[in-house]
Amino acid sequence: DAVHPVITDRQFRTWRSYAVSAWPTLAAIDPEGYVVGAHAGEFTVEMLTPFIDGLIETARAKGVLNTEPVQFSADAPTMEARLLRYPGKVAVDGDRVAIADSGNNRVIVGRIGDDPSSMRIEHTVGGEAGFEDGASGQFKYPQGLAFAGDLLHVADAGNHAIRTIDLRHGSVRTLAGTGNQMRTRADLKAGAMSSPWDVALVGQVLYVAMAGTHQIWTVKASDGQSRVHSGVGGEDIRDGDHQSALLAQPMGITAMSGRIFFADAESSAIRWADADELGAVGTIVGTGLFDFGDVDGTADDVRLQHPQGIASHPDGRLLVADSYNDCIKLVNPETRSSTTWIRELNEPGGIACNATHAYIADTNAHRIVVAELTTGATQELSLE
């Protein structure tokens, strides 16, 4: 794995020093310490390479190029991985539980018995990063999961595809996506996707949180046909009809009462989209790309920070994995209120629930946490 330094930019000091106004922004600094270029927004390595090559040649000609390798030592992890490694999402269907063991490039499926905090493993699919169908199916950083009887649909984020596991024998097939990230119109025409992060099944239609293009897509479970459902592709928080709304990296999605609810991570917002193709997109809580925090309350007073998971609570509220606040929030879509439910997690990325318990992918703690819905009491899910 690549090791690189990360700075905690307190009070946006570095951000302001380089006049950053959007995420992502790349600033290029030459060997003499001068800013020689900046670019806001996503772009490809191919677009960047000629610029970097030119900088290198200029620095070499001036005699200021230092070719000695730079080494950065990594801090030890705060928690060591055990059986699971950075689990991203979890799904529940009756007594079945599925875990996206993202860091291990695999999906684990099992059953819970009388003890809701104990799961007996029945299938472990994948384990080596790859893009292979069949009995030896491979995944690359899988995320969202959705049960459909004896089938399990998987948002295979690293492969930019929707995959399906047949739980009767553990085989894998590709439902949609090419295995490569969509970057051009030709890629789109060929059926490519870009970082599908979560899935929700309504009837025979999968709604996909397409994080890489800031959109919600639909995929037909019968034949894999896909189309854009909500969002024009730009990154922002703008309500309106499906064809004019702007989203900001949706990473969690769930369905309830004829609507699709999603965690719009980059705008730290919880939003909804009508399932009807002629419907619209709206916002429950969240106000802007750079408005984030940890504030309970109502409407525009609420602040979340990069939520990545969302699930429907049996009472009609939404359970939200407020990832960068290390907690689970309860959001009421009717009153637009948000309250903190569980704290002391470690960047939870996913959540699912049944009638009595919530199952939380506590991503950076390498575990699944089981929470009793009425009391909030928690314990770690044991895997047998």
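Biologist: In this predicted model, how many bridges pair strand 20 with strand 24?
Modeller: Strand 24 covers residues 337–342. Its pairing with strand 20 is antiparallel. Gly297 stands opposite Ser338 of strand 24. The number of bridges between strand 20 and strand 24 is two.

Biologist: Which residue of strand 24 stands opposite Lys329?
Modeller: Strand 23 spans residues 327–332 and runs antiparallel to strand 24. Five bridges join these strands. Opposite Lys329 in strand 24 stands Thr340.

Biologist: Which residue in the turn between strand 23 and strand 24 has a positive phi?
Modeller: Strand 23 and strand 24 form a hairpin. Four residues lie between them. The phi in question is about 60°, and the residue is Arg336.

Biologist: Which are the edge strands of the open sheet with the order 25-26-27-28?
Modeller: The sheet has four strands with antiparallel pairing. An edge strand pairs on one side only. That leaves residues 350–353 and 378–380, which are strand 25 and strand 28.

Biologist: By what angle are neighbouring strands of this four-stranded sheet turned against each other on average?
Modeller: The pairing in this sheet is antiparallel. With direction ignored, the average turn between neighbours is 25°.

Biologist: Which residue of strand 27 stands opposite Tyr359?
Modeller: Strand 26 holds residues 357–362, and strand 27 holds residues 367–372. Six bridges join the two, and they run antiparallel. Facing Tyr359 across this pairing is Val370.

Biologist: Which are the edge strands in the sheet ordered 15-19-18-17-16?
Modeller: This sheet is open, with five strands and antiparallel pairing. Residues 240–241 and 250–256 make up the strands that pair on one side only. They are strand 15 and strand 16.

Biologist: What is the bridge partner of Gly240 in strand 19?
Modeller: Strand 15 and strand 19 run antiparallel. Two bridges join them. The partner of Gly240 is Val281.

Biologist: Stacked, tilted or edge-to-face: how do Phe12 and Phe292 pair?
Modeller: The whole structure has four aromatic pairs, including Phe12 with Phe292. Their centres are 6.1 Å apart, and the planes meet at 45°. Stacked needs under 30 degrees and edge-to-face needs over 60, so this pair is tilted.

Biologist: How many residues apart in sequence are the parts tied together by Phe12 and Phe292?
Modeller: Phe12 lies in the segment before helix 1 (13–17). Phe292 lies in the loop between strand 19 (280–285) and strand 20 (297–298). The pair therefore ties together parts whose separation in residues is 280.

Biologist: Buried, exposed or partly exposed: what is Phe292?
Modeller: Its relative accessibility is 37%. Buried needs under 20% and exposed needs over 50%. Phe292 therefore counts as partly exposed.

Biologist: What is the plane angle between the rings of Trp15 and Phe290?
Modeller: The centres lie 5.4 Å apart. The pair is edge-to-face, because its planes are at 75°.

Biologist: Why does the pair of Trp15 and Phe290 tie together parts far along the sequence, and how many residues apart are they?
Modeller: Trp15 lies in helix 1, and Phe290 lies in the loop between strand 19 and strand 20. The distance in residues is therefore 275.

Biologist: Which residues do ring pairs link into a cluster?
Modeller: Phe12 is partly exposed at 30% relative accessibility. Phe290 is also partly exposed, at 38%. The cluster consists of Phe12, Trp15, Phe290 and Phe292.

Biologist: Over which ring does the charged end of Arg259 sit?
Modeller: The charged end lies 3.5 Å from the ring centre. The ring belongs to Trp272.

Methods:
Residues are numbered from 1 along each chain as its sequence is written. This is a predicted model: local features need pLDDT of at least 70, side-chain atom pairs count only at pLDDT 80 or more; totals for chains, interfaces and linings use all residues. Side-chain values use heavy atoms; hydrogens and water are left out. Two strands pair if DSSP finds at least two bridges between them. Axes are lines fitted to C-alpha atoms, for helices over the stretch in contact, and angles run from 0 to 180 degrees between N-to-C directions. Rings of Phe, Tyr and Trp (its six-membered ring) pair if their centres lie within 6.5 Å; planes under 30 degrees apart count as stacked, over 60 as edge-to-face and the rest as tilted. Buried means under 20% relative accessible area, exposed over 50%, partly exposed in between (1.4 Å probe, protein chains only). A charge sits over a ring if NZ of Lys or CZ of Arg is within 6 Å of the ring centre and within 35 degrees of the ring normal.
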